[in-house]
Amino acid sequence: MNPFSFTVGGTAKEAVNNIFLFIVAVSVILLLLVTFLMIFFAVKYRRKKHPESEPVKQNTWLEIVWTLIPLILVLGMFFYGYEGFKLMRSVPEDAMVVKVTGRMWNWSFEYANGKRTDKLYVPIGKNIKLEMRALDVLHSLYIPTFRIKEDLVPGKETYLWFKPQTVGPADIFCAEYCGQRHAYMLSQVIVMEEEDFNKWYRQEEEKKAGLEELMKLPAVKLMDEQGCLSCHALDSPKGEQVPLKGIFGQERTVIKEGKEINVIADEDYLKRAILEPGVEVLKGQIDMMEPVTGLSEEQLKMIIDFLKEYK
């Protein structure tokens, strides 16, 4: 982390930290130099000592020096920054690929085995490549802990990579204003020991077979296309996901017009929850869901019929 080592390091985090420290070190030295000279000349050439001004004489060498020094410093910053940029755009060949989808207003992460999660699970010490796309508007995936940020542009695939080196959670933000619920577009990177990650990954592969069959159903495919499965879980819910299994016939506590009431999840309730989700908000949940539009009566009935049978 020596700012004068002229090396950007091996990861994006090291590169950003080293470049930042280099620029700060140069800036502090210049600040001290300029401040010293300002005070020195203010004292040396004060009016009391020099009541009458003297003609200023040109010093060509001085002009060359104070032109070349800033030029060299700026070029040094550029070179150092460009080396960091090249590092961040050069993905290691052994990187594990995770596909990232951004939509209003959540993140979705898909692994090579087909598993999708609302949080990014990664093993420690492994290079991770994120292949990213946006489904609707411009988003920006920002993970401050790893010093990485990249825009997700509709119709274009972008990417970035990082290497986690400590176990634990790290926050994920959307750094591009993307609409009304932009501030709620939050997630986490969960960095795990390699053994724990492999165990989690294998468990998910075992679940994959059953979920693959489930995902082939027309109603489930339709819900996935509408983005329902980003905030709702077919099987094991993650975080604040609302489970769909066995929802039909449940007694649910909702907030309606500021009052807490109990309702039964019958056909009418499910229809309202899909078309007018803000009317009855499940207790403990944030009113984030947007009304599902563009569904025909037949498609709506197909989804409700599936939920009635999915026990």
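Is Phe78 buried or exposed? I shall come to that residue shortly, after a word on the model itself.

What we have here is a predicted model, in which local features need pLDDT of at least 70 and side-chain atom pairs count only at pLDDT 80 or more, while totals for chains, interfaces and linings use all residues. Residues are numbered from 1 along each chain as its sequence is written, and side-chain values use heavy atoms, with hydrogens and water left out.

Now to Phe78. With a relative accessible area of 57%, Phe78 is exposed; the terms are buried for under 20% relative accessible area, exposed for over 50%, and partly exposed in between, using a 1.4 Å probe and protein chains only. Phe78 shares helix α2 (residues 60–89) with Tyr82, four residues further apart in sequence terms, about one turn of the helix. Helices (H or I, at least four residues) and strands (E, at least two) are DSSP runs, numbered from the N terminus. Tyr82 is partly exposed, at 39%.Let me place these rings among the aromatic pairs. The structure holds 14 aromatic pairs. Rings of Phe, Tyr and Trp (its six-membered ring) pair if their centres lie within 6.5 Å; planes under 30 degrees apart count as stacked, over 60 as edge-to-face and the rest as tilted. Phe40 and Phe41 make an edge-to-face pair, at 5.3 Å centre to centre and 70° between the planes. Phe40 has 38% relative accessibility and therefore counts as partly exposed; Phe41, at 41%, is partly exposed as well. Phe78 and Tyr82, by contrast, are stacked, with 6.1 Å centre to centre and 5° between the planes. Elsewhere, ring pairs join Tyr111, Tyr121, Phe197, Trp200 and Tyr201 into a cluster.

Tyr121 leads us to the strands. How are the five strands of the open sheet ordered? The order is β4-β10-β9-β6-β7, with mixed pairing. Two strands pair if DSSP finds at least two bridges between them. Strands β4 (120–123) and β7 (148–152) stand at the edges with a single partner strand each, so one side of each has no neighbour in the sheet. From one strand to the next, the twist averages 20°; for such angles, axes are lines fitted to C-alpha atoms, for helices over the stretch in contact, and angles run from 0 to 180 degrees between N-to-C directions.

Within this sheet, β4 and β10 pair in the parallel sense over four bridges, and Tyr121 has Ile190 in β10 as its bridge partner. Both faces of β4 are covered: Leu120 and Val122 on one side, and Tyr121 and Pro123 on the other, are all buried. Strand β10 (residues 187–192) also pairs with β9 (residues 168–174), here in the antiparallel sense and over five bridges. In that pairing, Gly168 stands opposite Val191.

I turn next to strand β1 (residues 96–103). Why is β1 described as largely enclosed by the rest of the structure? The reason is that six of its eight residues are buried. β1 pairs with β5 (residues 128–134) in the parallel sense over seven bridges, and Val98 stands opposite Leu130 there. β1 also pairs with β2 (residues 106–110), in the antiparallel sense over five bridges. The bridge partner of Lys99 in β2 is Glu110. β1 and β2 form a hairpin, with two residues between them.

One residue of β1 deserves separate mention, namely Thr101. Thr101 counts as buried because its relative accessibility is 11%. Setting aside neighbours within four places in sequence, Thr101 is in contact (heavy atoms within 4.5 Å) with Asn106, Trp107, Ser108, Arg133 and Leu135.

Leu130 brings us to the interior. A nonpolar core is a set of buried Ala, Val, Leu, Ile, Met, Phe, Trp, Tyr and Cys residues joined through side-chain atoms within 4.5 Å. The largest has 34 residues, and those with the most contacts inside it are Trp107, Tyr111, Leu120, Leu130, Leu141, Phe162 and Val189. Not counting residues up to four places away in sequence, Leu130 touches Val98, Val100, Leu120, Leu141, Thr158, Tyr159, Leu160 and Phe162. A second, separate core of 24 residues includes Ala265, Leu270, Leu300 and Phe306.

I close with His139, which is found in strand β6 (residues 139–143). His139 counts as buried because its relative accessibility is 0%. With which side chain does the side chain of His139 make a polar contact? The partner is the side chain of Asp136, at 2.8 Å. A polar contact is a pair of N or O atoms within 3.5 Å; within protein, one must be able to donate a hydrogen and the other to accept it, and residues adjacent in sequence count only if both atoms are side-chain atoms. Leaving aside neighbours within four places in sequence, the contacts of His139 include Trp107, Glu150, Asp151, Cys174, Cys178 and Met185.
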